[in-house]
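I opened this entry to look up two things. I take them one after the other below.

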Amino acid sequence: MNYKLEHIGIAVRDLEVSIKTYETLLNTKCFKRETVESEGVITAFFQTENTKIELLEAINENSLIHKFIQKKGEGIHHMAFEVKDIKTEMSRLAEEGYRLLNKEPKQGADQKLVCFIHPKDTSGVLLELCQELNS
Ligand code: ZN
């Protein structure tokens with residue numbers, strides 16, 4: 001089994017408010033906050049038994065999270081699957097005709113290499129592939 005649901009990304013308007021909501025909901029503390037300048041986001045992570053929840057707030061108006069919220073409001077933004085070898089998986093998917101939003105793996109939050117797949121090719125869900133940086 002190559003694909004493991006690593007996390008679910010949720011676009012939020014106000015990270016502090018949503019962190020409190022999810023801390024209470026999941027009855028656990030947010031274990032990591034991280035700004036990813038290149039994506040224009042600040043993220044907060046929660047561990048659950050089988051996966052993680054990533055909250056994302058835009059830090060500027062160029063951020064895709066800002067655009068997402070303008071268009072759709074808060075909500076599920078992407079699902080992330082961890083794979084063992086992101087480069088191999090990216091070339092396999094590109095050959096199968098999936099549109100990759102970045103041609104090379106890029107550094108994402110939480111020490112990961114990431115690549116996004118166009119939602120038009122995945123029944124409407126933005127998918128992130130990720131691989132631990134030091135694996
Ligand atoms: Zn993510």
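**Helix 3 and the zinc site**

I began with what packs on helix 3: the cover over its buried residues includes strand 7 (112–117) and strand 8 (127–132). I keep in mind that this is a predicted model.

Next I listed the buried residues of helix 3 (residues 86–95). They are Ile-86, Glu-89, Met-90 and Leu-93. I checked how they sit around the axis. Their arc is only 100°, so they lie on the same side of helix 3. The general rule is that an α-helix has 3.6 residues a turn, so residues three or four places apart point the same way.

Then I looked at the face turned away from that buried side. I found Lys-87 and Glu-95 there, both exposed. After helix 3 comes Gly-97, and I noted its positive phi, near 100°.

I moved on to the metal. Which protein atoms are donors of the zinc ion? I found His-7 (NE2), Glu-54 (OE), His-78 (NE2) and Glu-128 (OE), at 2.1 to 2.2 Å from the zinc ion. Along the chain I read their spacing as H-x46-E-x23-H-x49-E. His-7 belongs to strand 1 (residues 4–11) and His-78 to strand 5 (residues 75–82), so this pair ties together parts 71 residues apart in sequence.

Are these two histidines buried or exposed? His-7 is buried, at 4% relative accessible area. His-78 is buried as well, at 2%.

Last, I checked the geometry. The angles between the four donor atoms around the zinc ion run from 84 to 170°. Tetrahedral would need all angles between 85 and 135 degrees. I therefore log the arrangement as irregular.

Conventions
Residues numbered from 1 in each chain as written. Predicted model: local features only at pLDDT ≥ 70, side-chain atom pairs only at ≥ 80, totals over all residues. Heavy atoms only, no water. Donors = N, O, S within 2.8 Å, 3.2 Å for Na, K, Ca; no water. Tetrahedral: all angles 85-135°; square planar, octahedral: opposite > 155°, others 65-115°. Helix = DSSP H or I, 4+ residues; strand = E, 2+ residues; numbered from the N terminus. Buried < 20%, exposed > 50% of the residue type's maximum accessible area, 1.4 Å probe, protein only. Arc of directions from axis to C-beta. Contact = heavy atoms within 4.5 Å.
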